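User: I am new to this structure and would like a quick tour. Please keep the answers short.

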Amino acid sequence: MKYTLRDLFDFMESGRPVKVTCTDGKVFQGRCWAYSRVQNMEEDGIDEDSLEVESTMLYLSDISVIEYMD
């Protein structure tokens, strides 16, 4: 599924824990925080939206599925 920045912010703003499955099959679970490509470009030089799950930064191109855990 293709997610938008709005989708990422909706997951974050819900305050609910998520389960994120990446394109390489890795799975991350927990609370999340969304970051825009503008912020990522300014801070890390990466021109892509992202979702941080616990302490792991996942860029949109790496994300296959995001779902609520509860």
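User: Which residue takes a positive phi in the hairpin of E4 and E5?

Analyst: This is a predicted model. E4 and E5 pair in the antiparallel sense, over four bridges. Their hairpin has two residues between the strands. The one with a positive phi, near 55°, is Glu-54.

User: What is the bridge partner of Val-53 in E5?

Analyst: Strand E5 covers residues 56-59 and is an edge strand. Antiparallel bridges, four of them, link E4 to E5. In E5, Val-53 is matched with Thr-56.

User: What is the strand order of the open sheet that holds E4?

Analyst: This open sheet has three strands with antiparallel pairing. Its edge strands are E3 and E5, since each pairs on one side only. Neighbouring strands are turned by 25° against each other on average, direction ignored. The order is E3-E4-E5.

User: Which residue in E4 is the bridge partner of Trp-33?

Analyst: E3 and E4 pair in the antiparallel sense, with four bridges between them. Ala-34 has Leu-51 as its bridge partner in E4. For Trp-33, the partner is Glu-52.

User: Which residues are buried on the two sides of E4?

Analyst: Side chains in a regular strand alternate between the two faces of the sheet. Both faces of E4 are covered. One side has Ser-50 and Glu-52 buried, and the other has Leu-51 and Val-53.

User: At what angle does the direction of H2 meet that of E3?

Analyst: E3 and E4 are joined by four bridges and pair in the antiparallel sense. H2 packs on their sheet and touches E3, E4 and E5. Its direction and that of E3 make an angle of about 85°.

User: Is Asn-40 buried or exposed?

Analyst: Asn-40 is found in helix H2, residues 37-44. It touches several residues further off in sequence, including Tyr-35, Ser-50 and Tyr-59. Its relative accessible area is 2%, so Asn-40 is buried.

User: Which backbone oxygen does the side chain of Asn-40 reach?

Analyst: Among the residues that Asn-40 touches are Ile-46, Glu-48 and Asp-49. Its side chain comes to 2.6 Å from a backbone oxygen. That oxygen belongs to Glu-48.

User: Why do the buried residues of H1 lie on the same side of the helix?

Analyst: The buried residues of H1 are Leu-8, Phe-11 and Met-12. They lie on the same side of H1 because they cover an arc of only 95° around the axis. In an α-helix there are 3.6 residues a turn, so residues three or four places apart point the same way. The arc in H1 is 95°.

User: Which strands do the buried residues of H1 pack against?

Analyst: Met-12, in helix H1 (residues 5-14), touches Cys-32, Trp-33 and Ala-34. H1 also lies across E1 and E6, running at about 30° to E6. The strands packed against the buried residues of H1 are E1, E3, E4 and E6.

User: Which residue takes a positive phi just after H1?

Analyst: Helix H1 spans residues 5-14. Just after H1, a positive phi of about 75° is taken by Gly-15.

User: What is the order of the open sheet that holds E1?

Analyst: This open sheet has three strands, and its pairing is antiparallel. E2 (27-30) and E6 are its edge strands, each pairing on one side only. Neighbouring strands are turned by 15° against each other on average, direction ignored. The order is E2-E1-E6.

User: What is the bridge partner of Val-20 in E2?

Analyst: E1 and E2 run antiparallel and are joined by four bridges. In E2, Val-20 is paired with Phe-28.

User: How many disulfides does the structure hold?

Analyst: A disulfide is a covalent bond between the sulfur atoms of two cysteines. For the sulfur of Cys-22, the closest cysteine sulfur is in Cys-32, 13 Å away and too far for a bond. Cys-22 is buried at 7% relative accessible area, and Cys-32 is buried at 2%. The number of disulfides is zero.

Conventions
Residues numbered from 1 in each chain as written. Predicted model: local features only at pLDDT ≥ 70, side-chain atom pairs only at ≥ 80, totals over all residues. Heavy atoms only, no water. Contact = heavy atoms within 4.5 Å. Buried < 20%, exposed > 50% of the residue type's maximum accessible area, 1.4 Å probe, protein only. Arc of directions from axis to C-beta. Polar contact = N/O pair within 3.5 Å; in protein donor to acceptor, adjacent residues only side chain to side chain. Pairing = 2+ DSSP bridges. Axes fitted to C-alpha atoms, helices over the stretch in contact; angles between N-to-C directions. Disulfide = S-S within 2.5 Å.
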